[in-house]
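User: I am new to this structure and would like a guided introduction. Could you take me through it step by step?

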Amino acid sequence: VVLTDTRAGVRTLTLNRESRLNAANDALLLGLTEALQAADADPEVRVVVITGAGRGFCAGQDLGDVSGRDMTFTEHLQHTYNPLVRTIRGLGKPVITAVNGVAAGAGASLALAGDVRLWARSAMLTQVFSNIALVPDSGSTWFLPRLVGYHKAFELMALADKVGADDALRLGLCEAAYPDETFREDVQAYAERLAARPANALRLTKQALNAAMTSSLDEALDKEAELQQLAGDHWEHLEGVTAFKEKRAPDFMRR
Ligand code: LHQ
């Protein structure tokens with residue numbers, strides 16, 4: 001249910017339940033989490049892309065699937081969705097969510113969880129949870145108000161309005177929106193640009209930003225001072241400074 005492909009340091013994980021708009025069952029959620037962990041451990045991989053097969057990104061929980069039904073809602077979330085979101089946020093490599101089509105419910109949460117969110121023009125996000133009288137989960141209550149503020153988040157959640165690419169750009173729900181026809185290539189090109197950046201420094205940057213999202217300025221300053229030591233001691237830093245002095249482009253991909 002999750003296809004894997006690696007090109008030029010970019011590992012692409014494709015959700016593959018096309019006929020259901022990649023609605024999530026346990027196999028998809030656990031398979032995606034496992035694939036992310038494998039990508040983290042693989043030295044060939046510098047950037048991870050999560051995308052969907054066909055015209056959907058992810059339609060959220062598969063409402064026709066009975067897996068997880070022997071669990072409570074709480075147990076189900078703690079067993080499948082929550083480890084997935086924690087794995088994305090904790091991954092030592094940048095994760096791009098390449099939103100090729102509709103992202104609904106927990107699929108919308110997944111779309112927001114990436115470090116970089118790239119959309120196809122025809123993509124659409126909807127907080128459908130209230131349509132079936134549930135609360136937003138899989139991180140949406142954390143991500144969305146930080147992006148759009150409390151009031152817009154509440155409105156999107158309460159009314160389940162559909163957010164298209166123009167509004168997503170305006171609201172800061174994505175970094176770029178590409179034509180459908182060139183979407184896959186545009187995502188790959190963006191990912192390769194990211195893959196050429198200093199991997200250790202980006203890993204530490206992600207760590208610093210994640211910590212700062214819930215910390216005070218004082219704590220953020222201390223965290224920066226701690227992580228800057230790790231960055232400064234790494235060969236990447238020496239390469240960056242040497243390249244600057246030699247007036248050439250740095251090579252952060254050598255091993
Ligand atoms: C689907 C689904 C789907 C199954 C489309 N399931 N088949 C966590 C833990 C525990 C419990 C519950 O929830 C959660 C978190 C959640 O994610 S709750 C939210 C669950 N998701 C939804 O409620 C979304 C339901 N789907 C929709 O509202 C629409 O399908 C969207 C807006 C996603 C797309 O609309 P359209 O583009 O008009 O496509 P469509 O509705 O025609 O769907 C195409 C097919 O995909 C269709 O099947 P069919 O056999 O008729 O072709 C749908 O039934 C199927 N599908 N989403 N979640």
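Analyst: The answers below go through confidence, domains, sheets and helices in turn.

User: What are the mean pLDDT and the ipTM here?

Analyst: This is a predicted model. The mean pLDDT of the protein is 97, and 99% of its residues reach 70 or more. The model scores ipTM 0.98 and also pTM 0.98.

User: Into which domains is the protein divided?

Analyst: There is a domain 1, covering 2-195, and a domain 2, covering 199-245. Their C-alpha centres lie 27 Å apart.

User: And how many residues does the contact take from each domain?

Analyst: Six residues come from domain 1 and five residues from domain 2. On the side of domain 1 that touches domain 2, one residue is nonpolar, one is polar and four are charged.

User: Let us turn to the sheets. What is the order of the six strands?

Analyst: The six strands form an open sheet in the order β1-β2-β3-β5-β7-β10, with mixed pairing. At its edges are β1 (2-7) and β10 (176-178), each of which pairs on one side only. From one strand to the next, the twist averages 20 degrees.

User: In which sense do β1 and β2 pair, parallel or antiparallel?

Analyst: β1 and β2 pair in the antiparallel sense, over six bridges. One of the bridge partners is Arg11 in β2, which is matched with Thr6. The two strands form a hairpin with two residues between them, and Ala8 in the turn has a positive phi of about 50 degrees.

User: What about the other edge, where β7 and β10 pair?

Analyst: Strand β7 (residues 116-120) and β10 pair in the parallel sense over three bridges. There, Ala120 has Tyr178 in β10 as its bridge partner.

User: Which helix packs on that sheet?

Analyst: Helix α6 (residues 183-195) does, touching β1, β2 (10-15), β3 (47-52), β5 (95-99), β7 and β10. The direction of α6 makes about 160 degrees with that of β3.

User: Now the sheet of four strands. What is the order there?

Analyst: The order is β4-β6-β8-β9, in an open sheet whose pairing is mixed.

User: Why is one side of β4 and of β9 left without a neighbour?

Analyst: β4 (56-58) and β9 (162-164) stand at the edges and each has a single partner strand, so one side of each has no neighbour in the sheet. The twist in this sheet averages 20 degrees from one strand to the next.

User: How do β8 and β9 pair, and which residue stands opposite Lys162?

Analyst: Strand β8 (residues 124-126) pairs with β9 in the antiparallel sense, over three bridges. The residue opposite Lys162 in β9 is Thr126.

User: Which helix lies across β4, β6 and β8?

Analyst: That is helix α3 (residues 106-113), which runs at about 110 degrees to β6 (102-104).

User: Changing topic, at what angle do α7 and α8 pack?

Analyst: Helix α7 (residues 199-212) and helix α8 (residues 217-232) pack at an angle of about 170 degrees, and their axes are 10 Å apart. Angles over 145 degrees count as roughly antiparallel, and α7 and α8 are therefore roughly antiparallel to each other.

User: Which residues meet there, and how do they divide by class?

Analyst: From α7, the residues include Asn200, Leu204, Gln207 and Ala211. Among those they meet in α8 are Ala220, Lys223, Glu224 and Leu227. By class, the contact of α7 with α8 has nine nonpolar, two polar and two charged residues.

Technical notes
Residues are numbered from 1 along each chain as its sequence is written. This is a predicted model: local features need pLDDT of at least 70, side-chain atom pairs count only at pLDDT 80 or more; totals for chains, interfaces and linings use all residues. Two strands pair if DSSP finds at least two bridges between them. Axes are lines fitted to C-alpha atoms, for helices over the stretch in contact, and angles run from 0 to 180 degrees between N-to-C directions. Two residues are in contact if their C-beta atoms, placed from the backbone, lie within 7 Å. Angles under 35 degrees count as roughly parallel, over 145 as roughly antiparallel, 65 to 115 as roughly perpendicular and the rest as oblique. Ala, Val, Leu, Ile, Met, Phe, Trp, Tyr, Cys and Pro count as nonpolar, Asp, Glu, Lys and Arg as charged, and the others, Gly among them, as polar. Domain bounds come from an automatic or database domain assignment. pLDDT is the predictor's confidence in each residue, from 0 to 100.
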